[in-house]
Amino acid sequence: MKAIRVHAFGGNDALSLDDLPDPTAGEGEVLVRARAAGVNPVDWKIVRGYLAQFLPHVLPFVPGWDLAGEVVARGHGARRFQVGDRVYGYVRRPTVDHGTYAELQAVPECYLAAMPAKASFVEAAAMPLVFLTSLQALRAAGVAAGQRVLVLGASGGTGAAAIEIARALGADVAGVASDKNHAFVRGLGASAAYGYAGATEAGLPGVPAGAFDVICDCVGGGTLEASRPALREGGHVVSITTRESPPFAGLGDRYHYVFVEPSSRQLKELARWFDEGRIAAHVGPTFPLARAAEAHAESESQHTRGKIVITIE
Ligand SMILES: NC(=O)c1ccc[n+]([C@@H]2O[C@H](COP(=O)([O-])OP(=O)(O)OC[C@H]3O[C@@H](n4cnc5c(N)ncnc54)[C@H](OP(=O)(O)O)[C@@H]3O)[C@@H](O)[C@H]2O)c1
């Protein structure tokens, strides 16, 4: 089978298309014929070695954490899925080793759920990491129906998912993104879109002071810091980029940092919401497996609209 492997940390030319022996499903695993793999910023950060101190790695490794595909065999004791089932997953294993940029993958069942019945493989591969992140973040901040939520980085993978989920939870949501993406952000269901050019500690331009119950940060840096005046008294901030932010120091346990955990149960919930039309996946550029380096270059631009997906034939 073909897979992308990284033999040494480096830039996008470190992604090499290799021939590897077909894996077999071990105990509690299913063998998945992958049809698509989502690309996330963490993937190029891993390839560049930026996370080597935090995550154990085995070189050479196959990168990638998001997967959609079809079950083609079951290992001993694997009972949740049948051959032919279409599955998706956020497959963050304890070690960076066997990732999802591969035609065939032996995956522990606990990472997987049945794909939304109405999703294509590309849409399903665009969902797991960003939707789990946003769901876990918005729940950490206690988002409830009727609240006002401000999403920072609203046009990217996690930001778009956060808008979708905040709306599904019954919140009124606004997004911060570059001006060229405001129509996209409104199209996701945001009631307002704001820019971040000219942000200062006095605030983000045009964003009303004290108006938001929750700020959901998917970008960090100066945009996060400049969002401080937008938070209402007693409101919550949840960040997926920044463990501590000086302007929010006084919030105590109303400031949350979330690092996404795999959850088969939440993927099932998200699949149901997708099929009910409560959330949608927003696919941006797609690339075939052999062009994974271009997919990573696109992600490194940090200005992609929607999700980058690698297609696997
Ligand atoms: N903690 C976790 O579990 C977790 C999970 C997933 C992702 N992350 C992290 O979260 C970040 C976002 O991930 P992603 O998948 O959403 O990335 P992405 O798809 O590349 O999106 C990045 C978005 O950031 C926006 N942006 C760039 N500079 C900005 C600024 N100064 N102010 C406001 N928006 C800005 C861009 O929008 P414009 O083009 O409109 O500027 C772009 O749409 C990454 O750092 C990633 O590593 C963390």
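Two domains make up the chain in this predicted model. Domain 1 is assembled from two segments, 2-127 and 281-311, whereas domain 2 spans 130-257. Measured in the sense of geometry alone, the C-alpha centres of domain 1 and domain 2 are 28 Å apart. The contact between the domains draws on 11 residues from domain 1 and 12 residues from domain 2.

The interface can next be described by its area. Domain 1 and domain 2 bury about 940 Å² between them, and carbon and sulfur atoms account for 57% of that area. On the domain 1 side, Met 127, His 282 and Arg 305 together provide 54% of the area buried against domain 2, a share that exceeds that of any other three residues. Met 127 belongs to the segment 2-127, while His 282 and Arg 305 fall in the segment 281-311.

The chemical character of the interface follows. No salt bridges are counted between domain 1 and domain 2. Polar contacts, by contrast, are found across the interface in 5 residue pairs, with both residues at pLDDT 80 or more. The side of domain 1 that touches domain 2 comprises 4 nonpolar, 5 polar and 2 charged residues.

Attention now turns to the ligand. It is surrounded by 26 residues, of which Thr 158, Ser 178, Tyr 196, Thr 223 and Val 260 are the closest. Two of these residues, Ser 178 and Thr 223, place polar side-chain atoms beside the ligand: Ser 178 has such an atom 2.6 Å from a ligand oxygen, and an N or O atom in the side chain of Thr 223 is 2.7 Å from a ligand nitrogen. His 303 also takes part, with a polar side-chain atom 2.8 Å from an oxygen atom of the ligand. On its own the ligand has 920 Å² of accessible area, and the protein covers 86% of it.

Conventions: Residues numbered from 1 in each chain as written. Predicted model: local features only at pLDDT ≥ 70, side-chain atom pairs only at ≥ 80, totals over all residues. Heavy atoms only, no water. Domains from an automatic or database assignment. Contact = heavy atoms within 4.5 Å. Buried area = accessible area lost by both parts, 1.4 Å probe. Salt bridge = Lys/Arg side-chain N within 4 Å of Asp/Glu carboxyl O. Polar contact = N/O pair within 3.5 Å; in protein donor to acceptor, adjacent residues only side chain to side chain. Nonpolar A, V, L, I, M, F, W, Y, C, P; charged D, E, K, R; others polar. Near = heavy atom within 4 Å. Areas by Shrake-Rupley, 256 points an atom, 1.4 Å probe, with all protein chains shown as cover.
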